[in-house]
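Please open the model in your viewer and keep the sequence panel visible. The tour below proposes a series of selections and states what is found at each one.

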Amino acid sequence: MTAGTREKAHIAGSPATAQGPALGEALPHVMPTLRACLQPSRDPQMRLKLFSILSTVLLRATDTIDSQGQFPSYLETVTKDILAPNLQWHAGRTAAAIRTAAVSCLWALTSSEVLSAKQIQDVQETLMPQVLTTLEEDSQMTRLISCRIINTFLKTSGSMTDPEKLIKIYPELLKRLDDVSNDVRMAAASTLVTWLQCVKGAEGKSYYQSSVQYLYRELLVHLDDPEKAIQDAILEVLKEGSGLFPDLLVRETEAIIHKHRSATYCEQLLQHVQAVPATQ
């Protein structure tokens, strides 16, 4: 066994969390090895194990991998060289499991509190296209975590997200309102609230008018969902977006209210629109 193979086997087989703060001191050696071992051409089982370890240490980053405050300097390596290649779609169950592991690792990274808002925005710039794709995964957990990651991205970037890129996000979230999992549907609704907050803070709101109108129409259909929890969540999304184009929302609501099994939620929405001034 070569020295390089022994080093890789050591990292793949040992609990990195046990190294505690020492892991942060060893980053100059650990990160190149992780990068090499987590390339798509490497053994899938080793990659799954390494992603599990990396997710675990990221959840306790300040006590482990960032104990010396140096981890953010390796952020580009993590996002572009490690996560991005493993989030690419490939056929097969093993490839899907690796995408789930990579998404979980990204969630741990964005939740770790070791990254600044600017650094999270850099991660978003690199990985948002892949995360929008993982919203379609067969794994419920992957879809759920992907919704949460997008929510974090949007909360961090706010209205600073490029308008053309912002526009591309909401249709993917809308699809998840038809998900078989209510947890995913609720997470998608929560993320749509954040998306609308981004639009409200953006300049040139007229650019978003046709998109928001389409969103109104689709949300109003879901407002008649059989699940009360979903109805409540959708009502909150519509309330959040009601100030953008209130006249449009009133027209869309009045056009569909007679098709709902009960007019209660539509009436609550109309009362809210009347009470809240339009967003300037």
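Is Lys200 buried, partly exposed or exposed? Lys200 is partly exposed, at a relative accessible area of 27%; here buried means under 20% relative accessible area, exposed over 50%, and partly exposed in between (1.4 Å probe, protein chains only). This is a predicted model, in which local features need pLDDT of at least 70 and side-chain atom pairs count only at pLDDT 80 or more, while totals for chains, interfaces and linings use all residues. Residues are numbered from 1 along each chain as its sequence is written, and side-chain values use heavy atoms, with hydrogens and water left out.

**Stop 1: the salt bridges**

Side chains of opposite charge can pair when their charged atoms come close. A salt bridge is counted when a side-chain nitrogen of Lys or Arg is within 4 Å of a carboxyl oxygen of Asp or Glu. The structure holds 16 salt bridges.

Keep Lys200 selected and add Glu240: their side chains form a salt bridge of 2.7 Å, N to O. This pair links distant parts of the chain, with Lys200 in helix H11 and Glu240 in helix H13 (residues 228-241), 40 residues apart. Helices are DSSP runs (H or I, at least four residues), numbered from the N terminus. Glu240 counts as buried, at 19% relative accessibility.

Next, select Lys175 and Glu136, whose side chains meet in a salt bridge at 3.4 Å, N to O. Lys175 belongs to helix H10 (residues 170-176), whereas Glu136 sits in the loop between H7 and helix H8 (140-157), 39 residues apart in the chain. Lys175 is partly exposed, at 40% relative accessible area, and Glu136 is partly exposed at 41%. Extend the selection to Arg143, Glu172, Arg176 and Asp179, which are linked with Glu136 and Lys175 in a network of salt bridges.

For a pair within one helix, select Lys118 and Asp122, which are joined by a salt bridge of 2.8 Å, N to O. Both lie in helix H7 (residues 117-134), 4 residues apart, about one turn of the helix. Asp122 is partly exposed, with a relative accessible area of 35%.

**Stop 2: the nonpolar core**

Now select Ile65, Leu83 and Trp195. In the largest nonpolar core, which has 86 residues, these three touch the most other members. Such a core is a set of buried Ala, Val, Leu, Ile, Met, Phe, Trp, Tyr and Cys residues joined through side-chain atoms within 4.5 Å. Helix H11 (residues 182-201) gives the most to this core, with 10 residues.

Centre the view on Leu83. Apart from neighbours within four places in sequence, Leu83 is in contact (heavy atoms within 4.5 Å) with Phe51, Val78, Ala102, Cys105, Leu106, Leu109 and Leu127.

**Stop 3: helix H14**

Select helix H14 (residues 246-256), in which Pro246, Leu248, Leu249, Glu252, Thr253 and Ile256 are buried. Viewed down the axis of H14, these buried residues fall within an arc of 155 degrees, so they line one face of the helix; the arc is that of the directions from the helix axis to the C-beta atoms. They pack against helix H12 (209-222), H13 and helix H15 (264-275). Turn to the face away from the buried side to find the exposed residues Asp247 and Arg251.

**Stop 4: Thr100**

Finally, select Thr100 in helix H6 (residues 93-111). Thr100 counts as buried at 19% relative accessibility. Not counting residues up to four places away in sequence, Thr100 touches Ser139 and Thr142.

Methods
Helices (H or I, at least four residues) and strands (E, at least two) are DSSP runs, numbered from the N terminus.
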